[in-house]
Amino acid sequence: ECTNATAANATELLNLTGLTIGQTYNFRVYHAGTGSPIGSSFDVSVYTPLPLQYQFAQSNGSYSAISGGTVLGSGTINNAVYKVVAGANKFRFNTLDFDSAFVSANGFVMLNESPDPSTLYPLNISGGGGALAAFAADLTDAAGAAEIRYQFVSPEHVFQWKGMMRTGSTGETIDFQIRMNSTTGDVKYVYGSSTPGTSTAVTVC
């Protein structure tokens with residue numbers, strides 16, 4: 001088995017199953033590209049795979065837009081991916097803590113591993129630490145006025161998409177958030193007021 005994360009400073013994660021206690025396994029690590037090697041150490045973690053720790057619930061509530069934190073992208077946005085590094089409060093998902101999150105303009109977040117910028121449907125991708133998809137579709141900016149923002153509002157990591165629309169749609173505006181609780185691991189998909197568009201050529205997963 002091998003893995004090669006091609007994005008700069010991306011975390012490479014390889015899941016191995018069927019290992020035998022007492023058996024010796026060897027790892028070979030190589031560096032390539034400008035500036036290599038970045039470091040000379042790596043981690044090996046052995047654990048029993050965890051069952052998914054989530055149940056789905058739906059409710060009506062209020063949408064609280066964030067205005068602080070970091071603007072990851074604005075204006076004209078299409079097929080972009082932005083890296084966010086956690087501080088003391090990690091990205092907790094399925095009882096595990098992750099150091100990095102990759103925010104896709106196409107409406108989702110992947111943990112620990114960067115997706116290809118053109119990826120539309122992250123739930124079809126193996127590897128990484130998990131994917132959180134609030135609106136996995138071919139999204140772009142609505143009239144060049146989009147904004148993707150991140151802010152830690154204790155205890156939640158908040159990822160916000162504002163002024164997006166599905167590619168091929170006309171007159172559409174979509175606002176939504178992914179909220180990750182750094183203490184409990186709860187995940188919320190929150191949707192704001194949106195303007196539906198008109199088209200017969202858009203998809204969503």
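Q: A salt bridge is a side-chain nitrogen of Lys or Arg within 4 Å of a carboxyl oxygen of Asp or Glu; how many does a search of the whole structure find?
A: This is a predicted model, in which local features need pLDDT of at least 70 and side-chain atom pairs count only at pLDDT 80 or more, while totals for chains, interfaces and linings use all residues. Residues are numbered from 1 along each chain as its sequence is written, and side-chain values use heavy atoms, with hydrogens and water left out. One of the salt bridges joins Arg92 to Asp97, with the closest N and O atoms 2.7 Å apart. The number of salt bridges found in the whole structure is five.

Q: Is Arg92 buried or partly exposed?
A: Buried means under 20% relative accessible area, exposed over 50%, and partly exposed in between (1.4 Å probe, protein chains only). Arg92 has 26% relative accessibility, so Arg92 counts as partly exposed.

Q: Which residue forms a salt bridge with Arg179?
A: Strands (E, at least two residues) and helices (H or I, at least four) are DSSP runs, numbered from the N terminus. In this salt bridge the closest N and O atoms are 2.6 Å apart. Arg179 lies in strand β11 and its partner in strand β10, so the pair ties together parts that are 23 residues apart in sequence. Arg179 is buried, and so is the partner, which is Glu156.

Q: Which residue forms a salt bridge with Arg149?
A: The closest N and O atoms of this pair are 2.9 Å apart. Both residues are buried. The partner of Arg149 is Glu147.

Q: In what order do the four strands of the open sheet lie?
A: Two strands pair if DSSP finds at least two bridges between them. The pairing in this sheet is antiparallel. The edge strands are β2 (81–85) and β7 (131–133), each of which pairs on one side only. The order is β2-β5-β6-β7.

Q: Which residue in β5 is the bridge partner of Val85?
A: β2 and β5 (residues 100–104) pair in the antiparallel sense over five bridges. The bridge partner of Val85 is Ser100.

Q: Which element gives the largest share of the largest nonpolar core?
A: A nonpolar core is a set of buried Ala, Val, Leu, Ile, Met, Phe, Trp, Tyr and Cys residues joined through side-chain atoms within 4.5 Å. The largest core has 29 residues, of which Phe91, Phe159 and Trp161 touch the most other members. Elements that give two or more residues to this core include β9 (146–153), β10 (156–166) and β11 (174–181). The largest share is four residues, and the element that gives it is β11.

Q: How far apart, centre to centre, are the rings of Tyr150 and Phe159?
A: Rings of Phe, Tyr and Trp (its six-membered ring) pair if their centres lie within 6.5 Å; planes under 30 degrees apart count as stacked, over 60 as edge-to-face and the rest as tilted. Tyr150 and Phe159 are both buried. Their pair is tilted, with 40 degrees between the planes, and the centre-to-centre distance is 5.2 Å.

Q: Which residue forms a tilted aromatic pair with Phe176?
A: The rings are 6.3 Å apart centre to centre, with 35 degrees between the planes. Phe176 is in strand β11 and the partner is in strand β12 (residues 187–191), 15 residues apart. Phe176 has 0% relative accessibility and therefore counts as buried. At 43% relative accessibility the partner counts as partly exposed; the partner is Tyr191.
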